[in-house]
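Good morning, colleagues. Please take a moment to look at the sequence and the structure before we discuss them together.

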Amino acid sequence: MKFSEFKLSPGVFESVEAMGFEEPSPVQEQVIPIALEKKDLIACAQTGTGKTAAYLLPLMNHLEENKSDKIKGLILAPTRELVLQIDQQFQGFAYFSGLESVAIYGGNDSAIWEQQRVAIERGTNVLVASPGRLLAHINLGYVDLSDLEYLILDEADKMLDMGFVDDINKIISFLPKNKPRQTMLFSATMPSKIRVLSNTLLKNPTEISIEVSKPAEGVLQAAYLTYDGQKNKLISHLLAEKELDSVIIFSSTKIKVKELVKELQQAKFPAKAIHSDLVQAEREEVMRDFRNKKFPILVATDILSRGIDVDNIGLVINYDVPQDPPDYVHRVGRTARAKTTGVALTFINEADQARFANIEKLIEAEIFKIPNPAEIGDGPAYDPQAPSKKRHFKKQGNRKGNFQHKKKAGPYKGNRKPRTSNK
Ligand code: AMP
């Protein structure tokens with residue numbers, strides 16, 4: 001299928017061409033025609049599937065056809081990183097249409113707050129916002145949402161997990177009640193609370209589901225069974241034997257992230273950390289430098305695992321097993337985006353084994369457990385069924401083998417040609 005078959009408005013279509021998108025991804029193929037008809041929809045789609053363009057292109061199409069200087073579109077997303085990423089994609093697609101968006105996200109920087117306030121008051125076509133910060137602006141009385149026609153919730157499951165449900169409902173109470181509105185909800189998972197939200201927000205929605213819970217096709221996944229005390233040594237071993245390109249190491253807590261980055265730096269590995277204790281400007285600088293390959297190793301909390309657009313990550317290391325199985329997919333989704341290949345390695349300690357087994361269930365694949373290098377020593381045996389208290393930590397025998405990759409139907413099959421136009 002070709003983008004020209006969607007009959008997008010000229011400005012939007014030209015920008016798709018300029019971005020080098022050759023063919024729509026599966027989620028785009030399904031979402032764009034429905035969204036162009038202004039129908040409500042709920043789509044189960046993970047990051048890396050092209051979901052952002054799937055809703056941005058139809059939204060921009062509507063806005064280009066009926067130009068106005070009022071806020072007509074609102075996109076809600078859970079984290080400032082995702083907000084900025086969506087806003088950047090919007091800016092990319094807006095090159096030929098001249099449409100405008102403003103990113104609204106939290107943080108302690110008063111200059112950014114002021115910038116956001118001024119931008120809102122000056123007027124824009126679309127707000128891309130995290131719920132808490134948007135509500136704070138709304139409460140001050142200068143956000144005029146009375147002309148809003150398009151509402152999009154991105155990573156709705158994450159927003160609910162982060163406790164934004166009241167903020168979202170409050171924001172919706174400020175939207176016009178007697179005007180038709182198109183609402184689109186995107187979520188990586190569909191727990192019952194998402195159904196509840198969708199029942200209250202959407203009118204006769206079309207449901208779209210893309211093979212969600214599996215990492216993209218090109219990811220080689222494997223795991224090491226390790227005691228906590230072995231993890232840092234193992235990381236050093238893995239990084240030392242690799243030519244370092246872009247590596248992300250995820251951990252669930254910022255304390256571990258800080259400790260690990262310190263150890264890596266002491267061992268002379270060029271590593272930096274990103275976590276919620278950094279102020280916004282610092283986080284943006286770290287991300288920018290990582291993207292621009294000024295340093296190769298990024299140690300991050302889960303905050304980054306969703307929706308962050310860094311191309312060509314060669315290696316993702318999960319320093320611990322993510323809390324929720326979908327978070328594994330998000331972390332691993334940082335690699336092998338859009339048809340490239342990458343490696344994702346997970347460290348599993350005794351306590352995380354049952355959780356890891358749930359991940360294997362979700363992705364419908366058994367992930368190969370690589371024997372630890374000799375100098376690290378054996379880790380715990382893999383016995384995820386064992387009740388955690390009674391678990392006996394048998395020594396692991398000499399397992400042999402290489403990465404094993406079970407081919408799965410990857411969600412994204414699109415292609416990208418080189419940019420033909422400079423922004
Ligand atoms: P997303 O799932 O929206 O985070 O998108 C993942 C990545 O795929 C982003 O870098 C997009 O710019 C890129 N992308 C989205 N749609 C296409 C497409 N049709 N062709 C090529 N790349 C795409």
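How many aromatic pairs does a search of the whole structure find? The search finds ten. Please bear in mind throughout that this is a predicted model.

I shall begin with one of these pairs, formed by Y224 and F347. Their rings meet edge-to-face, with 6.0 Å from centre to centre and 85° between the planes. Y224 belongs to strand 8, residues 219–225, while F347 belongs to strand 13, residues 342–348. The pair therefore links distant parts of the chain, 123 residues apart.

Are these two residues buried or exposed? Y224 has a relative accessibility of 7%, so Y224 counts as buried, the cut-off being under 20%. F347 is also buried, at a relative accessible area of 0%.

F347 takes part in a second aromatic pair, with Y319. That pair is tilted, at 6.3 Å centre to centre and 45° between the planes. Y319 sits in the loop between strand 12 (315–318) and helix 13 (325–332), and F347 is in strand 13, so this pair ties together parts that are 28 residues apart in sequence. Both Y319 and F347 are buried.

Y319 has a charged companion as well: K231 lies over the face of its ring, 5.3 Å from the ring centre. Elsewhere, K369 places its charged end over the ring of Y382, at 4.3 Å from the centre. To complete the aromatic part of this talk, F3, F6, F21 and F93 form one cluster.

I now turn to helix packing. Two packed helices are described by the angle between their axes and the distance between the axes. For helix 1 and helix 3, the latter spanning residues 51–65, the angle is about 145° and the axes are 8 Å apart. Which residues make the contact between helix 1 and helix 3? Helix 1 contributes P10, G11, V12 and V16, and helix 3 contributes L57, M60, N61 and E64. Sorted by class, the residues in this contact are five nonpolar, two polar and one charged.

S9 belongs in this part of the picture too. S9 lies in the segment before helix 1, which covers residues 10–19. With a relative accessible area of 7%, S9 is buried. If its neighbours within four places in sequence are set aside, S9 is in contact with N61 and E64. Those two residues are among the ones that helix 3 brings to its contact with helix 1.

My next topic is helix 12, residues 280–291. Its twelve residues reach 16 Å from the first C-alpha to the last, close to the 16 Å expected at 1.5 Å a residue. Which residues of helix 12 are buried? They are Q280, R283, V286, M287, D289 and F290. These buried residues pack against two helices, helix 4 (80–93) and helix 5 (110–122), and against strand 9 (247–250), strand 10 (271–274) and strand 11 (297–300). After helix 12 comes K293, whose phi is positive, near 60°.

Finally, helix 5 also contains A119. A119 counts as buried because its relative accessibility is 10%. Between A119 and S101 the C-alpha to C-alpha distance is 9.2 Å, and the two are 18 residues apart in sequence.

Thank you for your attention.

How values were computed. Residues numbered from 1 in each chain as written. Predicted model: local features only at pLDDT ≥ 70, side-chain atom pairs only at ≥ 80, totals over all residues. Heavy atoms only, no water. Helix = DSSP H or I, 4+ residues; strand = E, 2+ residues; numbered from the N terminus. Buried < 20%, exposed > 50% of the residue type's maximum accessible area, 1.4 Å probe, protein only. Contact = heavy atoms within 4.5 Å. Phe/Tyr/Trp six-rings, centres within 6.5 Å; stacked < 30°, edge-to-face > 60°. Lys NZ or Arg CZ within 6 Å of the ring centre and 35° of its normal. Axes fitted to C-alpha atoms, helices over the stretch in contact; angles between N-to-C directions. Nonpolar A, V, L, I, M, F, W, Y, C, P; charged D, E, K, R; others polar. Expected span 1.5 Å × (residues − 1).
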